[in-house]
Amino acid sequence: MTFSICVRERYTDEDGDDQTRFGVAVTTRLPGVGTLCPFASSDGAVATQSLVNVELGRKGIEYLDDGLAVDDALQALLNADEGSAERQLHGVDADGTFAFSGDECNDWYGHREGQNYTVAGNLLTGEDVIEDTAAAYESDAHGDAPLAERLIDALAAGHAAGGDKREDLEVQSAALLVCNTEEETDDPYYNDLRIDASETPVADLRETYETAKRGYETIVEKYAEEEADDGAADAAEDETEADGGGGE
């Protein structure tokens, strides 16, 4: 697998309550990365890559949901994994970060932990991929744009820095996933997107995101207008009944 970013951001909802959102995004020069690498819930985000063990991601999120700290959860999984030397595993929870790169990952490989995020990659053109991915996120962390959009920006920066070095592999993929701690909220459809097979996965992920976002906003506007029309019709009916319903 190639490179990914996991993020934690705190924010205040419309009722003034403190909430947290978690996001993960990834791209690689192989198809279907969205089925293998990114995992997230209202308790954290995890990415599993290099010689992928999907169970590290699945169980990692399960452990976070059960209340384990991210470093305890992911380290415990690695300790029980005989192939850990070939793995990369990183993630965030409400309070901490964790990142691991096994000694047998393929060059260039490495990771970085920031205050609220982690980035990791392997089979890269160089360290600049990780650094530029991190810098792009840091430059607009907690920005006005939705987290999903800013995660795509981070992937784009890493890709522009060189990305996956396997240029002979044309079929690529990318994915993102964002969750939050609000109990009663409809997550926009554009918070869970995948490009499973493409020669331009990051650009296609951005186009899919923009299309999905536009579609979501259209639906919200449509139903708001219908509710307003229904309310106006009900008010008119009530007024007619109050006037005695007409007559001679």
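How do α3 and α4 run relative to each other, roughly parallel or roughly antiparallel? They are roughly antiparallel, because their axes cross at roughly 150° and angles over 145 degrees count that way. Please keep in mind that this is a predicted model. The protein chain has 248 residues, of which 46% count as buried, and its secondary structure comes to 5 helices and 10 strands. Among the contacts in the chain with a separation of 6 or more, 57% join residues that are 24 or more positions apart.

**Helix pair α3 and α4**

- Two packed helices are described by the angle between their axes and the distance between the axes.
- Helix α3 covers residues 128-139 and helix α4 covers residues 147-160, and their axes come within 7 Å.
- The crossing of these two helices, α3 and α4, is right-handed.
- On the α3 side, the contact is made by Val129, Asp132, Thr133, Ala136 and Tyr137.
- On the α4 side, Leu147, Arg150, Asp153, Ala154, Ala157 and Gly158 take part.
- Sorted by class, the contact of α3 with α4 has 6 nonpolar, 2 polar and 3 charged residues.

**A closer look at Thr133**

- You can find Thr133 in helix α3.
- Thr133 has a relative accessible area of 0%, so it counts as buried.
- Leaving aside residues up to four places away in sequence, Thr133 touches Phe3, Ile5, Val119, Ala154 and Gly158.
- Ala154 and Gly158 also appear among the α4 residues that make the contact with α3.

**Helix pair α1 and α2**

- Helix α1 (residues 54-65) packs with helix α2 (residues 70-79) at an angle of about 145°, and their axes are 9 Å apart.
- The crossing of α1 and α2 is right-handed.
- From α1, the residues in the contact are Leu56, Lys59, Gly60, Tyr63 and Leu64.
- From α2, they are Val70, Ala73, Leu74, Leu77 and Leu78.
- By class, this contact of α1 with α2 divides into 8 nonpolar residues, 1 polar and 1 charged.

**Backbone features to look for**

- Most residues other than glycine have a negative phi, and most peptide bonds are trans.
- Asp107 and Trp108 are joined by a cis peptide bond, with omega at about -20°.
- Trp108 sits in the loop between β6 (97-101) and β7 (110-113).
- Leu123 is not a glycine, yet it has a positive phi of about 55°.
- Leu123 belongs to the loop between β8 (117-121) and α3, and its relative accessible area of 14% makes it buried.
- His142, which is not a glycine either, has a positive phi of about 60°.
- His142 lies in the loop between α3 and α4, and at 40% relative accessibility it counts as partly exposed.

**Cysteines**

- A disulfide is a covalent bond between the sulfur atoms of two cysteines.
- How many disulfides does the model have? The count comes to 0 disulfides.
- For Cys37, the nearest cysteine sulfur belongs to Cys6 and is 7.3 Å away, and Cys37 is in no disulfide. The cut-off for a disulfide is a pair of cysteine sulfur atoms within 2.5 Å.
- Is Cys37 buried or exposed? Cys37 counts as buried because its relative accessibility is 0%.
- Cys105 has 7% relative accessibility, so Cys105 counts as buried.

Terms used: Residues are numbered from 1 along each chain as its sequence is written. This is a predicted model: local features need pLDDT of at least 70, side-chain atom pairs count only at pLDDT 80 or more; totals for chains, interfaces and linings use all residues. Side-chain values use heavy atoms; hydrogens and water are left out. Buried means under 20% relative accessible area, exposed over 50%, partly exposed in between (1.4 Å probe, protein chains only). Axes are lines fitted to C-alpha atoms, for helices over the stretch in contact, and angles run from 0 to 180 degrees between N-to-C directions. Helices (H or I, at least four residues) and strands (E, at least two) are DSSP runs, numbered from the N terminus. A crossing is left-handed if the near helix is turned anticlockwise from the far one by less than a right angle, and right-handed if clockwise. Contact means heavy atoms within 4.5 Å. Ala, Val, Leu, Ile, Met, Phe, Trp, Tyr, Cys and Pro count as nonpolar, Asp, Glu, Lys and Arg as charged, and the others, Gly among them, as polar.
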